[in-house]
Amino acid sequence: MEASRVDAGQFRIGMRTLAGAVNIITSAHGGHRYGMTATAVCSATAEPPTVLACINKLATTHAAVAKSKVFCVNVLRVEDWELSTTFSGGHSGEARFKSRNWTRLATGAPVLVDSLVSFDCRVVKKLVHGSHTIFLGQVEQILVGQKGKPLLYSDGQYAKLASLTLGEPLPEGLDYWGF
Ligand SMILES: Cc1cc2nc3c(=O)[nH]c(=O)nc-3n(C[C@H](O)[C@H](O)[C@H](O)COP(=O)(O)O)c2cc1C
């Protein structure tokens, strides 16, 4: 089939089919806490330990990250889908932090105590592109929180993971994180 030129609507339809892990990106600036739900987060490099986060320039957390140059990626457990709603418009500002226990690590960005894992980062590079800024954050500290399964989001729905290999390790060389 012939490839066609793509508009934002078509792009969104395509992107809805991707399954992504749900995270809360937090930051702190001027004595206030900020946070938002985000799936556009991934590992960038292991050496140095760096994560990548794409944040809409209109999101309130964007200004906080840009000014403070710190953020924390809190990876949510499947039980936490309501927290994802809270941090994506259900509440705003400080009210988003009411329902759970939060702490701080090296950078001062809010860290969800019972996340799956939290990556506390300092911004080392950023790329402004269209509607979003792509932040690269060097990981200064990690909190490995509760054991559990990651919360996923796909096709506008929250979802959970089901193993296809039933707990068996993949053959030598196929586990990406074995590199
Ligand atoms: C599942 C999910 C994933 C999202 N992923 C992102 C993302 O990766 N980047 C982004 O800028 N906004 C993302 N959003 C949208 C923001 O969470 C939402 O616009 C939020 O309300 C922005 O914060 P604000 O209300 O304080 O401006 C996502 C929303 C949901 C529900």
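Here are a few notes on the sheet, the helices packed on it and the ligand site.

1. First, a caveat: what you're looking at is a predicted model.

2. Start with the sheet. Seven strands make up an open sheet with antiparallel pairing, and reading across you get β3-β2-β6-β9-β10-β5-β4. The twist from one strand to the next averages 35°.

3. Now look at the edges, where you'll find β3 and β4 (residues 41–45). Each of them has a single partner strand, so one side of each has no neighbour in the sheet.

4. For a closer look at one pairing, try β2 (residues 23–29) and β6 (residues 70–75), which run antiparallel and are joined by four bridges. A handy spot to find in the viewer is N23, which sits opposite V75 of β6.

5. Two helices are worth tracing against the sheet. α2 lies across β2, β3, β5, β6, β9 (117–129) and β10 (132–144), and runs at about 55° to β2. α3 also packs on the sheet, where it touches β2 and β3, and its direction makes about 115° with that of β3.

6. Then there's the ligand. It has 17 residues around it, and the closest are A38, A40, N56, T60 and S88. Two strands, β3 (32–38) and β5 (50–56), and two helices, α2 (60–68) and α3 (81–90), are the elements that each give two or more residues to this shell.

7. What is the shell around the ligand made of, in terms of nonpolar, polar and charged residues? Eight are nonpolar and nine are polar, with no charged residue in the shell.

Technical notes
Residues are numbered from 1 along each chain as its sequence is written. This is a predicted model: local features need pLDDT of at least 70, side-chain atom pairs count only at pLDDT 80 or more; totals for chains, interfaces and linings use all residues. A residue is near a molecule or strand if its C-beta atom, placed from the backbone, lies within 6 Å of it. Ala, Val, Leu, Ile, Met, Phe, Trp, Tyr, Cys and Pro count as nonpolar, Asp, Glu, Lys and Arg as charged, and the others, Gly among them, as polar. Two strands pair if DSSP finds at least two bridges between them. Axes are lines fitted to C-alpha atoms, for helices over the stretch in contact, and angles run from 0 to 180 degrees between N-to-C directions. Two residues are in contact if their C-beta atoms, placed from the backbone, lie within 7 Å.
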